[in-house]
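Subject: Structure handover and findings

Dear colleague,

Please find below the structure that I am passing on to you. My findings follow directly after it.

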Amino acid sequence: MKKLLLIFVLIITAGIAFAVTQQNTAPGENTVSNKKILIAYFSWSGNTKSIAEKIQTLTGGELYEIVPETPYPTDHEELTVIAAEEKEKNINPPIKNTVDIANYDVIFVGTPVWWYTMASPVRTFLTTNNFEGKTIIPFITHGGGGEYSIAEEMGNFAKGAKLLLPTFVVHESGNIETDENLKNWVDSLEL
Ligand SMILES: Cc1cc2nc3c(=O)[nH]c(=O)nc-3n(C[C@H](O)[C@H](O)[C@H](O)COP(=O)(O)O)c2cc1C
């Protein structure tokens, strides 16, 4: 009887020790590699943001939202006119908040498709930072048109960066398979 009680106590103790170990993995801690990871993204209606947050959970990297100095209108029609003009005239809108990318090795770069290309604030981010020696990994959300040549364009704008492919491409914020696809994609990158 004493022996049984001892075994019972040992099992409970092991269970508690396991639970404590699990809790010690702090949120945000890099769980896939010892590389310093940044997840930079721009999002107007939330789709790219939701994918960025999932990548953050999977990689333990840090999130950085690219926020333009002048906010875009909340009206979709007004936005499409401004976005078209920015694309046509090659306008790179100034960014309100900066991040020191020297602190990171790997930078996920997320954008919605805007008129067959990346959203203009993402172009600003890529052209105003020094990507020498950095690895960039694009992820793209779209409204049905797919990825176009955005990954390649990102590689051209981010001078000195190594472009790591494949890109994660998803329609709007994804579907029931997106979480699994994202996990498989992150695993395949072998960070
Ligand atoms: C100004 C503008 C232009 C867009 N152009 C395209 C396009 O050319 N092709 C496409 O598939 N989707 C296009 N979309 C749809 C967005 O790419 C899609 O809804 C995306 O998931 C939005 O991401 P967000 O919620 O992070 O802003 C456009 C949306 C906007 C607002």
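Of the 191 residues in the protein, 29% are buried. Please note that the model is a predicted one. Six helices and seven strands make up its secondary structure, and their order along the sequence is α-β-α-β-α-β-β-α-β-α-β-β-α. Among the contacts with a separation of 6 or more, 80% join residues that lie 24 or more positions apart.

Strand β1

Strand β1 covers residues 37–41, and five of its five residues are buried. In a regular strand, side chains point alternately to the two faces of the sheet. In β1 both faces are covered: Ile 37, Ile 39 and Tyr 41 are buried on one side, and Leu 38 and Ala 40 are buried on the other.

β1 has parallel pairings with two strands. With strand β3 (residues 106–114) the parallel pairing runs over five bridges, and Ala 40 has Val 109 as its bridge partner there. With β2 the parallel pairing runs over four bridges, and Leu 38 stands opposite Glu 62 of that strand. Helix α2 (residues 47–59) joins β1 and β2 in a β-α-β unit, which is right-handed.

Residue Ile 66

Ile 66 is located in the loop between β2 (62–65) and α3 (76–88). Is this residue, Ile 66, buried or exposed? Ile 66 counts as buried because it has 24 C-beta neighbours inside 10 Å, and the cut-off for a buried residue is 20 or more. Apart from neighbours within four places in sequence, Ile 66 is in contact with Ala 40, Tyr 41, Phe 42, Ile 95, Pro 121, Val 122 and Phe 125. Two of these residues, Ala 40 and Tyr 41, also appear above among the buried residues of β1. The C-alpha atom of Ile 66 is separated by 9.6 Å from that of Gly 110, although these positions lie 44 residues apart in terms of chain separation.

Surroundings of the ligand

The ligand is surrounded by 21 residues, and the closest are Asn 47, Thr 48, Pro 112, Gly 143 and Gly 145. The elements α2, α3, β3 and β5 (135–142) each give two or more residues to this shell. By residue class, the shell consists of eight nonpolar, 11 polar and two charged residues.

Two of the elements described earlier thus return here: α2 and β3 both contribute to the shell around the ligand.

With kind regards

Note on methods:
Residues numbered from 1 in each chain as written. Predicted model: local features only at pLDDT ≥ 70, side-chain atom pairs only at ≥ 80, totals over all residues. Buried ≥ 20, exposed ≤ 12 C-beta atoms within 10 Å, placed from the backbone. Contact = placed C-beta atoms within 7 Å. Pairing = 2+ DSSP bridges. Right-handed = clockwise from strand over helix to strand, strands pointing away. Near = placed C-beta within 6 Å. Nonpolar A, V, L, I, M, F, W, Y, C, P; charged D, E, K, R; others polar.
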